[in-house]
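Trainee: I would like a close look at a single helix in this model, and at what lies around it. Please take it step by step.

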Amino acid sequence: LPGEVVCGHADRHVCRVELKGRAAFLKREHVVPVRVRVRNKFAGFGPVSRSEREAAALKRLEAAGLPGPQWLAYGEDGRGRAFLLVHELADSADLRAALRDATLTPADRRLLAEKVGRA
């Protein structure tokens with residue numbers, strides 16, 4: 001899918017794409033390093049890509065009735081590339097940006113982090 005790259009790293013990037021008039025994010029992993037699979041295995045997800053781990057986490061959120069992005073598809077090909085496609089959440093906030101907000105006091109940041117952690 002064509003789209004605008006919104007962030008990325010050497011071995012992966014995220015594109016904002018349009019699907020039938022609805023915005024989504026396509027997270028592409030150009031290669032899944034062995035160290036990623038080992039980390040994910042020890043974290044209890046099995047020897048999977050970042051994409052599959054995130055999809056599993058989103059499924060767990062959904063099963064628990066908690067809000068989160070709706071995953072549409074994920075997978076991996078035989079060449080070690082992986083992807084995750086999620087709907088864009090309307091009116092959502094970037095947690096990292098919220099925690100860096102200069103208007104928040106340290107106590108406010110801690111309270112926000114604790115609320116997210118409890119959820």
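Mentor: Note before anything else that this is a predicted model. Start with Gly65, just after helix H2, which takes a positive phi of about 75°. The helix that precedes Gly65 runs over residues 50–63. Its length can be checked against its residue count: at 1.5 Å a residue, the 14 residues of H2 should span 20 Å, and the C-alpha atoms at the two ends are 20 Å apart, so the two values agree.

Next, the buried positions. In H2, these include Ser51, Ala55 and Leu58. They cover an arc of only 60° around the axis, and therefore sit on the same side of H2. The cover over the buried residues of H2 includes three strands: S3 (22–29), S4 (71–76) and S5 (82–87).

H2 also takes part in the largest pocket, where it gives the most to the lining, with five residues. That pocket has a volume of about 1300 Å³. Its lining counts 31 residues, and those closest to the centre are Lys27, Glu54, Pro69, Asp94 and Arg96. Two or more lining residues come from each of strand S1 (4–9), strand S2 (12–19), S3, H2, S5 and helix H3 (95–100).

One residue in contact with the start of the helix deserves a separate look. Asp11 lies in the loop between S1 and S2. Asp11 is buried, because its relative accessible area is 16%, and the cut-off for buried is under 20%. Leaving out residues up to four places away in sequence, Asp11 touches Arg28, Glu29, His30, Val31, Pro33 and Arg50. Of these contacts, Arg50 belongs to H2, whose residues are 50–63.

The strands on either side of that loop also bear on the cysteines. Cys7 falls in S1 (4–9) and Cys15 in S2 (12–19). The sulfur of Cys7 is 9.2 Å from the closest cysteine sulfur, that of Cys15, which is too far for a bond. With a cut-off of 2.5 Å between sulfur atoms, the count of disulfides comes to zero. The two cysteines also fall into separate burial classes: Cys7 is partly exposed, with a relative accessible area of 43%, whereas Cys15 counts as buried at 2%.

How values were computed: Residues are numbered from 1 along each chain as its sequence is written. This is a predicted model: local features need pLDDT of at least 70, side-chain atom pairs count only at pLDDT 80 or more; totals for chains, interfaces and linings use all residues. Side-chain values use heavy atoms; hydrogens and water are left out. Helices (H or I, at least four residues) and strands (E, at least two) are DSSP runs, numbered from the N terminus. The expected span of a helix is 1.5 Å times one less than its number of residues. Buried means under 20% relative accessible area, exposed over 50%, partly exposed in between (1.4 Å probe, protein chains only). The arc is that of the directions from the helix axis to the C-beta atoms. Contact means heavy atoms within 4.5 Å. On a 1 Å grid over the protein atoms alone, a cavity is a set of points where a 1.4 Å probe fits but cannot get out, and a pocket is an open set with protein on both sides within 12 Å along at least five of seven lines; lining residues have an atom within 4 Å of a point. Grid points are joined across faces, edges and corners, and a volume is the space filled by probe spheres set on the points.
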